[in-house]
Amino acid sequence: MPKTWNIKIDNYFLAFPNCIIATAHVDSFPIDLPLEPNIREPNRKSATYRQIFDSLTTQPEKFFSRHSGIVLSANIVKSSKTSLELEVKEASEGGSDGIINGAHTVLAFEQAKNYKYDLTQARVKVTIHIGLTEESAKDIALASNTTTPVDSRSKVNARGDYKFLKQYLADLEQKEDRKFRIAYYQNQSGAPRNAQCNVTHLLKLLYCLDRNKYNPDGNKRVKHPAGISIPSNITDTERERLTALLPLLSQALWIEQRLYEIIQEHISNPRRKGVNDLASIDIRKTTLLPDSRYSFGFGAPTDLALPIIASYRVFLDQDYKWIIPFDQFAEDFLQQLWTNSFRKYLVSEKTAGNTVGTKISRNQEIWESLYISAQSYLNQHLMQMVNSSKSEESKVIQGTKGRVQAGKK
């Protein structure tokens, strides 16, 4: 059932056939309007919020002239001289009604009321669009949020371009009985603040396994997915590419989590008590991964695992199928990478007084080194399989000869 909200007003006028502009009272303004059309949630720590709150509480009588106003969407609006009644469809009913722009402002209203500020003199301009489609509401939201820059991730999400990924993760949650906590837009409530839980990081994990786009043996200029940039617009071609890579997401997440577990084991048992010998590993912080059930007792660069994950693409064919079953080599290969190169790399950078940070995404040398290690490991593994197969074949032949000779006797 649609819900209704009442907004007390001084006056209003019809600005367009389906648009009303009104002067609304702040002290009675509804603070629980839905945020469906808005492309990000309000952040009380932001400069935008603080400026609005200060303006409202220091000189409420001047708030109307100093503030650009609030933009809303409603299914139906009933008007009188002193109030507007808004009928708002919920998202579950196919609606996209609520606050299009001005969530920080409404949050400031709520906080000022909680602190018992006198807002009786405060007024705010309210623009109400009536009967908008979801697509139209999102278009207005994207154009309206200009006070503070909106990140590209929020814009992509507002356009609905992450729907295919959200659906895949929802199916994966049911299939594998785990929960993903991913931030798709700015200030998203319920999503961890860790950068590793950002949707852009999830996409980077997939890009690292694209052995067709990043193939050092091919003629393409880009040999490794170092310095990955996430497109601000997911085209049909890009969606098709990502959809083909999605079945590899579980393995990419496993590699990242297993690497963090290995690092946790390493710093928990240091060679010298109380000394962390790994560059850019901060034992004063914690890290949460998108699907992990617990936090790790250290902070790490967001892209730390990317070059290791990228080396695994050596084990994929052109159809993104594992040449060797993943479970048969993944753990052993990761342990070899850690022991033979990656741990030494982090230790040497620490000894030299360097940090890896975002530089690891541009360090072609480490990406190339790990890729070569993967090629060597794969070749050795395939040779073992061939030799094992020849040995089994030889035993079969010898056994056949023995039976033939016994028959002749």
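Here are a few exercises on the packing inside this predicted model, each with a worked solution.

**Exercise 1. Find the hubs of the largest nonpolar core, and say which element gives the most to this core.**

Step 1: Start with the core itself, which has 72 residues. The members that touch the most other members are I263, L304, I308, Y312, F315, F329 and F342.

Step 2: Now look at which elements feed it. Those giving two or more residues include α6 (163-176), α9 (249-268) and α12 (364-408). Top of the list is α11, with 10 residues.

Step 3: Zoom in on one hub, F315. Leaving out residues up to four places away in sequence, F315 touches K321, W322, I323, I324, F329, F333, A374, Y377 and L378.

Step 4: Don't stop there, as a second, separate core has 34 residues, among them F29, A74, V106 and A112. As background, nonpolar side chains in soluble globular proteins tend to be buried together.

**Exercise 2. Classify two ring pairs, F296 with F298 and F326 with F329: stacked, tilted or edge-to-face?**

Step 1: A whole-structure search turns up 22 aromatic pairs.

Step 2: Take F296 and F298. Their ring centres sit 6.1 Å apart and the planes meet at 50 degrees, so call this pair tilted. With 1% relative accessibility, F296 counts as buried, and F298, at 0%, does too.

Step 3: Next, F326 and F329. Here the centres are 5.7 Å apart with planes at 75 degrees; the cut-off for edge-to-face is over 60, so this pair is edge-to-face.

Step 4: Check the backbone. F326 and F329 are 3 residues apart in helix α11, so about one helical turn separates them. Both are buried.

Step 5: Finally, widen the view. Ring pairs join W254, Y312, F315, W322, F326, F329, F333 and Y377 in a cluster.

**Exercise 3. Work out how strand β3 is covered and which strands pair with β3.**

Step 1: Count the buried residues in β3 (residues 70-74): 5 of its 5 are buried, and the strand is mostly covered.

Step 2: Sort the side chains by direction. I70, L72 and A74 point one way, V71 and S73 the other, and all are buried.

Step 3: Find the parallel partner. That's β7 (residues 123-130), paired with β3 over 5 bridges. Opposite L72 in β7 stands I128.

Step 4: Find the antiparallel partner. β6 (residues 98-101) is joined to β3 by 3 bridges, and I99 is the bridge partner of L72 there.

Notes: Residues are numbered from 1 along each chain as its sequence is written. This is a predicted model: local features need pLDDT of at least 70, side-chain atom pairs count only at pLDDT 80 or more; totals for chains, interfaces and linings use all residues. Side-chain values use heavy atoms; hydrogens and water are left out. A nonpolar core is a set of buried Ala, Val, Leu, Ile, Met, Phe, Trp, Tyr and Cys residues joined through side-chain atoms within 4.5 Å. Buried means under 20% relative accessible area, exposed over 50%, partly exposed in between (1.4 Å probe, protein chains only). Helices (H or I, at least four residues) and strands (E, at least two) are DSSP runs, numbered from the N terminus. Contact means heavy atoms within 4.5 Å. Rings of Phe, Tyr and Trp (its six-membered ring) pair if their centres lie within 6.5 Å; planes under 30 degrees apart count as stacked, over 60 as edge-to-face and the rest as tilted. Two strands pair if DSSP finds at least two bridges between them.
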